[in-house]
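Okay, thanks everyone for squeezing in. I'd like to walk you through a structure you probably haven't seen before, so let's put it up.

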Amino acid sequence: MSQGPRSGLAAVSAALLAMSRHLEVRDVLKTIVASARELLDAQYAALGVPDDHGGFAQFVVDGVSDEEWKAIGPLPRQHGILAAMLKGAERERLADVRKDPRFEGWPDAHPEMSDFLGLPIHNGDEVVGALFLANKLRSMEGNPPHPPSPKPSGECGFTEEDMDLLAILAQHAAIALTNARLYERSRELTIAEERSRLAHELHDAVSQKLFSLRLTAQAAAALVDRDPSRAKGELHQVAALAAEAADELRAAVVELRPTGLDEDGLVATLRNQIQVLDRAHTARVTFTARGVRALPAAQEEALLRVAQEALHNALRHSGAARVDVTLEKLAAGAVLRVGDDGKGFDPATVRRAGRHLGLVSMRDRAGGVGGRLTVTSEPGQGTVIEMEVPGG
């Protein structure tokens, strides 16, 4: 490396400290990738986390703009050099990745890469991810790095020292990633316990309201002949109690994750939820699924959450008479659409007013599984929330 030993040690220390500051898995992945790219003077860096379906559950890049990443297309599958990192568990240092026999090409918008470093991230015997670096930058001490300069034919710009340094970073990345996963798992368990408590409270609250509703209806029936005025008042109370009970039931449907997701899958779970919502609301709520098979668990969870949030907005705030939900397979993944014929809104005005209607959390959920969220809305023109995910 062009840095001296002291500055190199300081850079490693800074990278490790940065990784230890974050608890969210997505933040840890981003920090690992950015640290590796900066530490080793690479033009591009990426980190892939495998799923159980032959692809990547997450794939984080650094050195590629949002516009470039969007043009490249969906997440890569496990093939070629990527597969070598995740399955063969061998570190790789290549002078030109394009000349490797395992190279299978790139999408048209993919940046050109030659120098390549790659190695798996191990947690014991398990490969929890893989780090990739491409295009060694040439920098002089005290000056910013600049694009790769010509190098002797057949030589890799990355050195064995670079590889050793990346291996050290990968060891600490495994610890940071494992800790982040444990934190998220602990948080999920806490949330599950809270939802269980909430479910019991909702059940008790609804039961009490239904009991009161029954008594009030009986009182109204007894008064209807001898005191119509009082009977009318009791019937108003019946209507109010019924509305409160309906609100409690809607909250339960929207807020509580059904246990059937793991057992029945996303399509069946969405269909069951939407059937309940259709019965509970005056708006017509429909669901259509086209060709979608099982998706990775993280993607199904994210799609379900986004659907719930979008349905909540449409049914509570839009005044829609109809809400249509579709889930369909695409050539490179799946797409969820939640469209309503409600009053719509101006997304820019909502942002300026500091209101988000759950859009920030929906975008975070989409980005967390390598997907994209699009919101289309205008005042008086309804709203369409669309979430696209890779794979499937």
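Let's start at helix α10, residues 359–368, where L359, M362, A366 and G368 are buried. And keep in mind that this is a predicted model. If you're wondering about the spacing, an α-helix has 3.6 residues a turn, so residues three or four places apart point the same way. What do the buried residues of α10 pack against? Quite a list: α2, β2, α8 (297–317), β9 (372–377) and β10 (383–390). Just after α10 comes G370, with a positive phi near 75°.

Two names on that list, α2 and β2, take us to the next stop. There's an open sheet of five strands, and reading across, the order is β2-β1-β5-β4-β3, with antiparallel pairing. The edges are β2, residues 56–62, and β3, residues 92–94, each pairing on one side only. From one strand to the next, the twist averages 15°. And helix α2, residues 25–39, packs on this sheet: α2 touches β1, β2 and β5 (126–136), and its direction makes about 40° with that of β2.

Zoom in on β1, residues 42–50, and you'll see six bridges to β2, in the antiparallel sense. For a landmark, find V49, which sits opposite Q58 in β2.

Now for some rings. The structure has four aromatic pairs. One of them is F59 with W69, stacked, at 6.2 Å centre to centre and 5° between the planes. That pair ties together distant parts of the chain, since F59 is in strand β2 and W69 is in helix α3 (residues 66–72), ten residues apart. Are these two buried or exposed? F59 is buried, at 10% relative accessible area, while W69 is partly exposed, at 22%. Buried here needs a value under 20%, so W69 misses that cut-off. Ring pairs also bring in F116 and F132, making a cluster with F59 and W69.

Last stop: backbone oddities. Most residues other than glycine have a negative phi. So which ones should you look at here? D41 has a positive phi near 50° and isn't a glycine. You'll find D41 in the loop between α2 and β1, and D41 counts as buried at 16% relative accessibility. Then there's N135, also not a glycine, with a positive phi of about 65°. N135 is in strand β5, and is buried too, with a relative accessible area of 5%.

That's my tour, so over to you for questions.

Notes
Residues numbered from 1 in each chain as written. Predicted model: local features only at pLDDT ≥ 70, side-chain atom pairs only at ≥ 80, totals over all residues. Heavy atoms only, no water. Pairing = 2+ DSSP bridges. Helix = DSSP H or I, 4+ residues; strand = E, 2+ residues; numbered from the N terminus. Axes fitted to C-alpha atoms, helices over the stretch in contact; angles between N-to-C directions. Contact = heavy atoms within 4.5 Å. Phe/Tyr/Trp six-rings, centres within 6.5 Å; stacked < 30°, edge-to-face > 60°. Buried < 20%, exposed > 50% of the residue type's maximum accessible area, 1.4 Å probe, protein only.
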